[in-house]
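Open the model in your viewer and keep the selection panel at hand. The stops below say what to select next and what is there.

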Amino acid sequence: MAAEPVNVNEFSTLARNVLPKMIYDFYAGGAEDEWTLRENVAAFQRTRLRPRVLVDVSNVDLSTTILGFKISAPIMIAPTAMHKLAHPEGVTATARAAAAAGTIMVLSFSATSTVEEVAATCDAVRFFQLYVYKNRSISAVLAQRAERAGYKAIVLTADTPKLGRREADIRNKLVVPTLKNLEGLLSINMDTEKGSGLASYASQTLDSSFSWKDIKWLQSLTSLPILIKGILTAEDAELAIQAGFAGIIVSNHGARQLILCHQRLWLIEEVTKAVRGRVPVLFDGGIRRGTDVFKALAIGAQAVLVGRPIIYGLAVKGESGVKKVLEMLQDELELAMSLSGCCRVEEITRSHVQTENEIIRSML
Ligand SMILES: Cc1cc2nc3c(=O)[nH]c(=O)nc-3n(C[C@H](O)[C@H](O)[C@H](O)COP(=O)(O)O)c2cc1C
Ligand SMILES: CCCCCCC(=O)C(=O)O
C-alpha cells in the first residue's frame, strides 16, 4: 500500500498513479510550453519570509470573512471542471469536504453534477462560477438556477473568451464527459478528430464577444454579488470596480490560458494598490503550501483559492482526500503564522515578505 501523503505535493504524485494518463494530463496541464505553470509555483519559492519572533502565538486564529461569510481559514476551493473524472462521487464529495472544513467552494459551470445536486449534498456557503456562452440564455438560466439553489455569489470567469492551447489535451485527443448542468440546454458534437474534444467544445460554446459593456446584462440576471476571476492588471481592476463587481480574483487560470511574462505573484500587489480596499481581492494559482498562502496574504490577498490539489485529494481518497488537503494547508498556514509571529490573518503584513528584487537590492 502506498504511504500516507504528508503534504499536498505527495497527493499529486499519488493522483498521477491512480488516474488514466488522459485525465491526469487534463488536470495537471497548462498552456503551450507550460513555463507559466512552473512559474506559478516557482514564484512562491523565490519569495522569502521575514518572520518576527518572541510574539505570544499560543492562540492562533485562522478564520476570516469573505463577502460577509465567515470561513475557518483564508483557503477556498477554486472552480475546477469535471470532478467525476477523478472520483465517482465527483464534486458532491468535494462540496461535503468544503463544508466539513468550514470553507467556501466555487462550483464550476462545467461540473459533472448539477447545481441542485451539489446544493442538496450539504449545507454550506457556495459560490457558482459562470462562463458566458454564445447562447447567452444558457448562462442566464444557470445563474438563476444557482441563485434559486442557494448559492451566495456568482464568479464570472473573464479570462476565457477562447480556450488556451493545452497541448497535452491535443495530443491525447481529450474526450470530455457530459456537463450535467447543460443537459437539455445544449447539444454539441464534440469532435476529437483534430485533437482536444474540450477545445472543440469550447470553440462551439464560449462567447468571445462578451465584454465590459455586457456586464449590466449579467447584473440584471441576479441579485447575488458578482466577483470577477482572471484579473491581472491595475487597469482591469479599476474597470471591474467601476462595473460594480463585488470582488476580484487575481488568477491566470492555473496557467491554462495565456502564457505570461510577469512574475505573477506580484500582480496581487499591483491589483490591491489599484483597488485600495474597495472590494476584496482574492488570489489563486500555484498554492501548494501553507507558506504560499501566507505569502499571498502578506502581498495583499484576503484569501486564496486552490485548484489542482483539491482534485488530486479527490482522486486519491474521495471526500476524505479533499478534507485532508484542506487540513494540511490549514495546519501549515497555522504553523507559518506561529513561526512568523502572527496570531490573526490581519496581522500578516507586507513586511513579512521580501521580493526577489528587494532581496537583490538589499545585497547592493
Ligand atoms: C482541471 C482544471 C479545471 C478548471 N476548470 C475551471 C473552470 O471550470 N472554471 C474556472 O473559472 N476555472 C477553472 N480552472 C482554473 C481554477 O479555477 C484555478 O484558477 C486554478 O486551478 C488555480 O491554480 P492551481 O490549480 O495551481 O491551484 C480549472 C483549473 C484546472 C486545473
Ligand atoms: C467551455 C469551456 C470549458 C472550460 C473547461 C474548464 C476549464 O476552465 C479548464 O480550465 O479546463
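Select strand β10, residues 281–284, in this predicted model. The side chains of Val 281 and Phe 283 point one way from the strand, those of Leu 282 and Asp 284 point the other way, and all of these residues are buried.

Add strand β11, residues 303–306, to the selection. β10 and β11 run parallel and are joined by three bridges. For one of the pairings, pick Asp 284, whose bridge partner is Leu 305 of β11. To follow the backbone from one strand to the other, show helix α12, residues 290–299: the chain leaves β10, passes through this helix and arrives at β11, in a right-handed β-α-β crossover.

Go back to β10 and turn to its pairing with strand β9, residues 247–250. These strands also pair in the parallel sense, over three bridges. Two of the pairings are easy to label: Ile 248 has Val 281 of β10 as its bridge partner, and Ile 249 has Leu 282 of β10.

Which residues of β9 point one way, and which the other? Gly 247 and Ile 249 point one way, whereas Ile 248 and Val 250 point the other way. Like the residues of β10, which are all buried, those of β9 are all buried.

Next, select strand β8, residues 226–231. β8 runs parallel to β9, and four bridges join the two. Label Lys 229 here; it stands opposite Ile 249 in β9. The connection from β8 to β9 goes through helix α10, residues 234–243, and this β-α-β crossover is right-handed.

Now move to the ligands. Select ligand 1 and display its surroundings: 23 residues form the shell, and Ala 78, Ser 108, Thr 157, Gly 254 and Gly 307 are the closest. What kinds of residue make up the shell around ligand 1? It divides into seven nonpolar, 12 polar and four charged residues.

Ligand 2 is the next selection. Around it are Ala 81, Ser 110, Tyr 131, Thr 160, Leu 163, Leu 198, Tyr 201, Ala 202, Thr 205, Leu 206, His 253 and Arg 256. This shell holds seven nonpolar residues, four polar ones and one charged.

Select helix α13, residues 308–340, and pick Tyr 312 within it. Is Tyr 312 buried or exposed? Tyr 312 counts as buried because 29 C-beta neighbours lie inside 10 Å, and the cut-off for a buried residue is 20 or more. Leaving aside residues up to four places away in sequence, Tyr 312 touches Phe 11, Ser 12 and Ala 15. For a distance to draw in the viewer, take the C-alpha atoms of Tyr 312 and Leu 85: they are 11 Å apart in space, although the two residues are 227 apart in sequence.

Stay on α13 and pick Asp 331, which lies in this helix. Asp 331 counts as partly exposed because it has 13 C-beta neighbours inside 10 Å. A second distance to draw runs from Asp 331 to Arg 289, with 9.7 Å from C-alpha to C-alpha and their positions 42 residues apart in sequence.

Two leucines come next, both picked for their backbone angles. Select Leu 54 in the loop between β1 (48–49) and β2 (64–66). Its phi is positive, about 55°, although Leu 54 is not a glycine. Leu 54 counts as exposed, because it has 6 C-beta neighbours inside 10 Å.

Then select Leu 67, found in the loop between β2 and β3 (69–71). Leu 67 has a phi near 50°, again a positive value in a residue other than glycine. With 17 other C-beta atoms within 10 Å, Leu 67 is partly exposed.

Finally, clear the selection and show the whole chain. How many helices and strands does the chain have? There are 14 helices and 12 strands. The C-alpha trace spans about 60 × 55 × 45 Å along its principal axes. The radius of gyration is 20 Å, which agrees with the value near 21 Å that a compact globule of 364 residues would have. Buried residues make up 52% of the 364. Of the contacts between residues at least 6 apart in sequence, 72% join residues at least 24 apart.

How values were computed:
Residues numbered from 1 in each chain as written. Chains lettered and ligands numbered in written order. Predicted model: local features only at pLDDT ≥ 70, side-chain atom pairs only at ≥ 80, totals over all residues. Near = placed C-beta within 6 Å. Nonpolar A, V, L, I, M, F, W, Y, C, P; charged D, E, K, R; others polar. Rg over C-alpha atoms; globule rule 2.2 N^0.38 Å. Buried ≥ 20, exposed ≤ 12 C-beta atoms within 10 Å, placed from the backbone. Contact = placed C-beta atoms within 7 Å. Pairing = 2+ DSSP bridges. Right-handed = clockwise from strand over helix to strand, strands pointing away.
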